[in-house]
Amino acid sequence: MLRVAVPNKGSLSEAASAMLSEAGYRQRRDSRELVMVDPDNDIEFFFLRPRDIAVYVGQGTLDVGITGRDLLLDAKVEAEELLPLGFAPSTFRFAGPVGDFTGVEQLEGKRLATSYDGLLRDYLSERGVNATVVRLDGAVESSVRLGVADAIADVVETGNTLKAAGMEIFGDPILKSEAVLIRRSNSGGSANGTAKEIDTLIRRLQGVLVARQYVLMDYDIRKDLVEDAAALTPGLESPTVSPLRDSEWVAVRSMVPKKETNRIMDELYDLGARAILVSSIHACRI
């Protein structure tokens with residue numbers, strides 16, 4: 001039975017469970033459940049703190065897990081990213097008092113507060129910057145005002161919290177993170193699962209990603225305009241073209257990026273396509 005770690009709370013939890021449900025796996029209905037078995041898919045889910053997931057997977061206790069890329073790198077364990085999952089995006093950046101810093105080289109000899117000390121130490125070491133890293137579990141923005149640090153390194157979303165604390169972002173992003181599927185490094189299978197079972201999980205999650213990013217578009221168009229229409233809707237391989245009762249017209253079906261749906265529909269209509277229909281994709285295998 002494949003053993004999978006899932007975040008039990010926080011920004012990763014609800015989205016991870018929703019994605020697994022879309023992939024056809026049973027998920028818990030009570031947030032107090034810590035372990036749940038899905039016998040139909042021969043899989044067992046363990047609901048853990050997001051920060052601990054990389055540790056369990058890296059030690060081989062669990063086969064795979066869903067966590068943040070930032071948490072994986074910060075844990076410094078023998079685990080690797082298998083698949084980016086497209087949700088919970090975040091950016092890890094430096095911030096300091098307004099006007100005090102413009103680049104990472106100015107952090108030499110300074111004190112830096114962060115909740116991601118492993119990740120930050122590696123970043124500074126790679127750039128030859130010698131600074132003191134102060135590990136905090138939360139409220140990193142307050143550390144400068146309280147005299148604990150000269151600057152901070154933290155996950156930034158809107159930047160409003162930093163502005164309220166009298167700070168500004170500086171330097172390049174340290175890391176762009178999102179939710180990822182991970183497994184133990186150099187492991188074809190894992191402690192209890194097999195490579196085949198992990199591959200099945202990956203294919204299912206990839207199917208959800210594609211279903212979320214694409215729609216099916218159907219339309220009718222004259223035969224002599226098919227090549228121009230296909231250039232607008234090339235699909236993943238090529239569009240499906242089927243004959244109609246009127247021999248001068250054909251029906252075309254193709255997958256198109258969801259975010260470009262309306263633009264493509266407008267261009268197809270201008271080209272001469274009619275009966276343009278768009279359908280959602282529930283699941284797929286690519």
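The following questions and answers look at the pockets of this predicted model and at one of its sheets.

This is a predicted model, in which local features need pLDDT of at least 70 and side-chain atom pairs count only at pLDDT 80 or more, while totals for chains, interfaces and linings use all residues. Residues are numbered from 1 along each chain as its sequence is written, and side-chain values use heavy atoms, with hydrogens and water left out.

Reader: Where does the largest pocket lie?
Author: A pocket here is an open set of points on a 1 Å grid over the protein atoms alone, where a 1.4 Å probe fits and protein stands on both sides within 12 Å along at least five of seven lines; lining residues have an atom within 4 Å of a point. The lining of the largest pocket takes residues from domain 1 (2-87 + 178-212) and also from domain 2 (90-176), so the largest pocket lies between these two domains, whose bounds come from an automatic or database domain assignment.

Reader: Which residues lie nearest the centre of the largest pocket?
Author: Helix 2 (50-58), helix 3 (69-75) and strand 9 (151-156) each supply at least two residues of its lining, where helices (H or I, at least four residues) and strands (E, at least two) are DSSP runs numbered from the N terminus. The lining of the largest pocket has 27 residues, and those nearest the centre are Ser11, Arg51, Asp70, Leu71 and Tyr116.

Reader: Which element gives the most to the lining of the second largest pocket?
Author: Residues lining the second largest pocket include Leu119, Asp122, Tyr123 and Glu126. Two or more residues come from each of helix 3, helix 4 (117-126) and strand 10 (167-177). The element that gives the most, with four residues, is helix 4.

Reader: In what order do the four strands of the open sheet stand?
Author: Two strands pair if DSSP finds at least two bridges between them, and strands 12 (residues 214-222) and 14 (residues 249-257) pair over nine bridges in the antiparallel sense. Strand 13 (240-243) and strand 15 (274-280) are the edge strands, since each pairs on one side only. The pairing in this sheet is antiparallel, and the order is 13-14-12-15.

Reader: At what angle does helix 7 run to strand 12?
Author: Axes are lines fitted to C-alpha atoms, for helices over the stretch in contact, and angles run from 0 to 180 degrees between N-to-C directions; contact means heavy atoms within 4.5 Å. Helix 7 (residues 195-213) lies across strand 12 and strand 14, and its angle to strand 12 is about 50°.
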